[in-house]
Amino acid sequence: MQSTVIAPSILSANFARLGEEVDNVLKAGADWVHFDVMDNHYVPNLTIGPMVCEALRKHGVTAPIDVHLMVEPVDRIVPDFAKAGASLISFHPEASAHVHRTVQLIKSHGCQAGLVLNPATPIEVLDWVLEDLDMVLLMSVNPGFGGQSFIPSTLEKLRRVRQMIDRSGKPIRLEIDGGVKADNIAEIAAAGADTFVAGSAIFNASDYAEVIGSMKAAVSA
Ligand code: DX5
Ligand code: ZN
């Protein structure tokens, strides 16, 4: 099992003060920055691209930037994100014509690679690519928006993917994204996640340190 990572999703941050918001969550104990990229095509929403990632690096952000691509097609944008300072790049198999090729493309640009499974995507998609991945990201909401409720069947899916990762013997992270809160993170961790994305639960709170602290305490309890 990997160390616990809390990755606030900046989708719920105040975009008018993004640099400051990211500084504040990192100061409050966040480990990574989760960076949601939506294209109004693969998902029905439109957010931010490589320029904003680069701007955060120029602003002085040194923490890992965890880029979650909800875009189709994926491959063309990968080099731009690598150049912009992405640390990890994750994508949805439905948005890539050749999943194995996209994984290798991400790695060839010096980034870690993750595959994202939507709530209804079968875990068998991992069968022939798992050992090439640095991370599996399970969506616990349908992608496109922050502030949705955690879909309970994801807990069983987490348990099954945890077993696959353990059987592989590789240091692959298991990330969860969608509806993660201080009051459900303990059961999500018990089901096998080690990397936790939380958007609204953190950015809608008045005290970032308090909510990140209580999430970490709940995971380690
Ligand atoms: C949804 C995004 C999530 C989202 C999570 O498509 O991938 O990262 O921001 O937001 P919350 O934590 O509010 O569910
Ligand atoms: Zn995300």
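Start by selecting ligand 1 and the 21 residues that surround it, each with its C-beta atom, placed from the backbone, within 6 Å of the ligand. The closest are Ser9, Pro143, Gly146, Gly199 and Ser200. Strand E2 (33-38), strand E8 (195-198) and helix H7 (200-203) each give two or more residues to this shell; helices (H or I, at least four residues) and strands (E, at least two) are DSSP runs, numbered from the N terminus.

Before you go on, keep in mind that this is a predicted model, where local features need pLDDT of at least 70 and side-chain atom pairs count only at pLDDT 80 or more, while totals for chains, interfaces and linings use all residues. Residues are numbered from 1 along each chain as its sequence is written, and chains are lettered from A and ligands numbered from 1 in the order in which they are written.

Next, pick Asp36 and Asp177, where an unreviewed UniProt entry places the feature "active site"; such annotations may be inferred rather than shown by experiment. The two span 142 residues in sequence, yet their C-alpha atoms are no more than 10.6 Å apart, so they gather at one spot.

Zoom in on Asp36 in strand E2. Asp36 is buried, with 24 C-beta neighbours inside 10 Å (20 or more other C-beta atoms within 10 Å count as buried). Beyond four places in sequence, Asp36 touches Ser9, Leu11, Thr47, His68 and Met70 (contact: C-beta atoms, placed from the backbone, within 7 Å).

Finally, move to Asp177 in strand E7 (residues 173-177). Asp177 is buried too, with 26 other C-beta atoms within 10 Å. Show its contacts beyond four places in sequence: His68, Leu137, Met139, Ser140 and Val197.

How values were computed
A residue is buried if 20 or more other C-beta atoms lie within 10 Å of its own, exposed if 12 or fewer, and partly exposed in between; C-beta atoms are placed from the backbone. Two residues are in contact if their C-beta atoms, placed from the backbone, lie within 7 Å.
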